[in-house]
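Student: I should like to discuss this structure in terms of its charges, its overall form and a few chosen residues. Shall we begin with the charges?

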Amino acid sequence: MRINRETLIRIARETAQKRAMAEPALVAAYLTGSLRGEDPFLGGTTDIDIVLVHAKAPARRREVEAVTPAVHLDIIHNPRSDYDKPRELRLHPWLGPELYDPLPLYVSGHFFEFVQAGVRDKYNEAPNVLARARTSAAHGRQVWSGMQADEPDAPARLLTYLKSVRHAANAIALLVNASPLAERRFLLHFPLHAAAAGIPALTGDLQDLLGAASLDVDGLKACLPAWEADLAAAARKPKADPRLAPARLSYYTGAAAALLAGETPHALLWSLLLSWTLAAACLPLSRQGAWASICKRLGLTGPAFGEKLAALDAFLDRIEERLEQEPE
């Protein structure tokens with residue numbers, strides 16, 4: 001089957017229609033994510049991001065389903081109640097950008113008319129743009145404030161750390177009125193947003209938070225077999241995070257190969273760290289050795305982690321100072 005953007009959108013529409021037939025109470029479905037752009041593929045792989053809106057609270061919030069070896073459905077399930085206050089959603093750092101310009105796939109009633117009228121009203125006005133950025137930065141600060149450098153569960157601690165970093169970096173993306181950073185292109189797109197915000201030095205700060213200088217390209221390549229093996233092992237665990245579903249393995253490895261062959265190979269580091277830490281969190285301690293070794297080398301575990309927390313504090317300070325420069 002020839003796979004291109006049009007094919008993927010057709011699959012998205014068909015999926016939404018099938019789900020609506022199986023669930024008459026489905027309120028709406030819409031497409032978001034990389035398919036809203038012109039080139040969703042990275043390393044020959046991509047996903048189809050669909051949001052299903054249910055009349056009542058769904059039994060699960062996320063599922064992953066293979067379409068081909070290189071393409072999978074990534075379906076988010078939201079309750080209708082999440083959309084009850086559309087004027088507030090325009091200030092939401094994630095749902096606001098998502099709802100501003102989705103591709104409707106299915107609708108019952110006037111869902112999109114109601115929601116988008118509220119979201120799009122004054123969406124691009126400076127106070128609302130700033131509010132979304134500040135909310136994301138505040139989330140990052142809140143997560144950082146609750147962290148303890150000596151927390152015994154290393155994978156859980158690092159996932160919390162990465163969550164804070166993600167919210168902080170997204171504050172800059174939102175400040176320039178972009179969408180939140182996608183996982184695989186996180187380190188590819190952040191430099192563009194930091195430059196647009198007038199603080200290009202934040203790119204180096206972000207790389208330092210991940211320990212990028214401690215791992216050269218050969219080091220990145222050397223850890224890939226253990227990373228892939230741990231992702232595959234974690235995917236077999238019953239309670240593994242949906243992001244580790246077997247259908248997503250080529251999604252990660254295809255992107256890794258493309259990024260390593262490109263001009264900015266260290267852009268791989270974000271998705272590698274996040275996915276590997278998710279895997280380590282559901283593997284036994286005896287299976288965490290390769291992950292722990294890389295994290296130690298990057299300064300993300302052990303005594304050096306305290307220094308990373310201090311650097312994250314400074315990173316958040318710089319972002320908060322930049323946001324304070326914006327007129328109300």
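Tutor: The protein chain carries 37 positive and 38 negative side chains; Lys and Arg count as positive, Asp and Glu as negative, while His and the chain ends are not counted. Each charge is placed at NZ of Lys, CZ of Arg, CG of Asp or CD of Glu. The centres of the two sets are separated by 5 Å.

Student: On what basis are such values obtained?

Tutor: This is a predicted model, in which local features need pLDDT of at least 70 and side-chain atom pairs count only at pLDDT 80 or more, whereas totals for chains, interfaces and linings use all residues. Residues are numbered from 1 along each chain as its sequence is written, and side-chain values use heavy atoms, with hydrogens and water left out.

Student: What radius of gyration does the protein chain have, and why does it agree with a compact globule?

Tutor: The radius is taken over C-alpha atoms, and the globule rule is 2.2 Å times the number of residues to the power 0.38. For 328 residues the rule gives a value near 20 Å, so the chain agrees with it at 20 Å.

Student: What percentage of the residues of the protein chain count as buried?

Tutor: Buried means under 20% relative accessible area, exposed over 50%, and partly exposed in between, with a 1.4 Å probe and protein chains only. Of the 328 residues, the buried portion is 51%.

Student: Which residues does threonine 46 contact beyond its neighbours within four places in sequence?

Tutor: Threonine 46 belongs to strand β2, residues 46-54; strands are DSSP runs of E with at least two residues, helices are runs of H or I with at least four, and both are numbered from the N terminus. Threonine 46 is buried because its relative accessible area is 0%. With contact meaning heavy atoms within 4.5 Å, its partners are Leu8, Ser34, Pro40, Phe41, Ala70, Val71, His72, Arg184 and Tyr251.

Student: How many aromatic pairs does a search of the whole structure find, and why is the pair of tyrosine 100 and tyrosine 123 classed as it is?

Tutor: Rings of Phe, Tyr and Trp (its six-membered ring) pair if their centres lie within 6.5 Å; planes under 30 degrees apart count as stacked, over 60 as edge-to-face and the rest as tilted. The search finds seven pairs. The rings of tyrosine 100 and tyrosine 123 have centres 4.4 Å apart and planes at 20 degrees, so this pair is stacked.

Student: Is tyrosine 123 buried or partly exposed?

Tutor: Tyrosine 123 lies in the loop between α4 and α5, and its ring partner tyrosine 100 lies in helix α3, 23 residues apart. Tyrosine 100 is partly exposed at 29% relative accessibility. For tyrosine 123 the value is 6%, so the residue counts as buried.

Student: Where is leucine 274, and which residues does it contact beyond four places in sequence?

Tutor: Leucine 274 sits in helix α11, residues 269-281, and is buried because its relative accessible area is 10%. Its C-alpha atom is 8.8 Å from that of leucine 158, although 116 residues separate them along the chain. The contacts of leucine 274 are Leu159, Leu162, Glu183 and Arg243.

Student: What is the phi of lysine 122?

Tutor: Most residues other than glycine have a negative phi. Lysine 122 is placed in the loop between α4 and α5 and has a positive phi, near 60 degrees.
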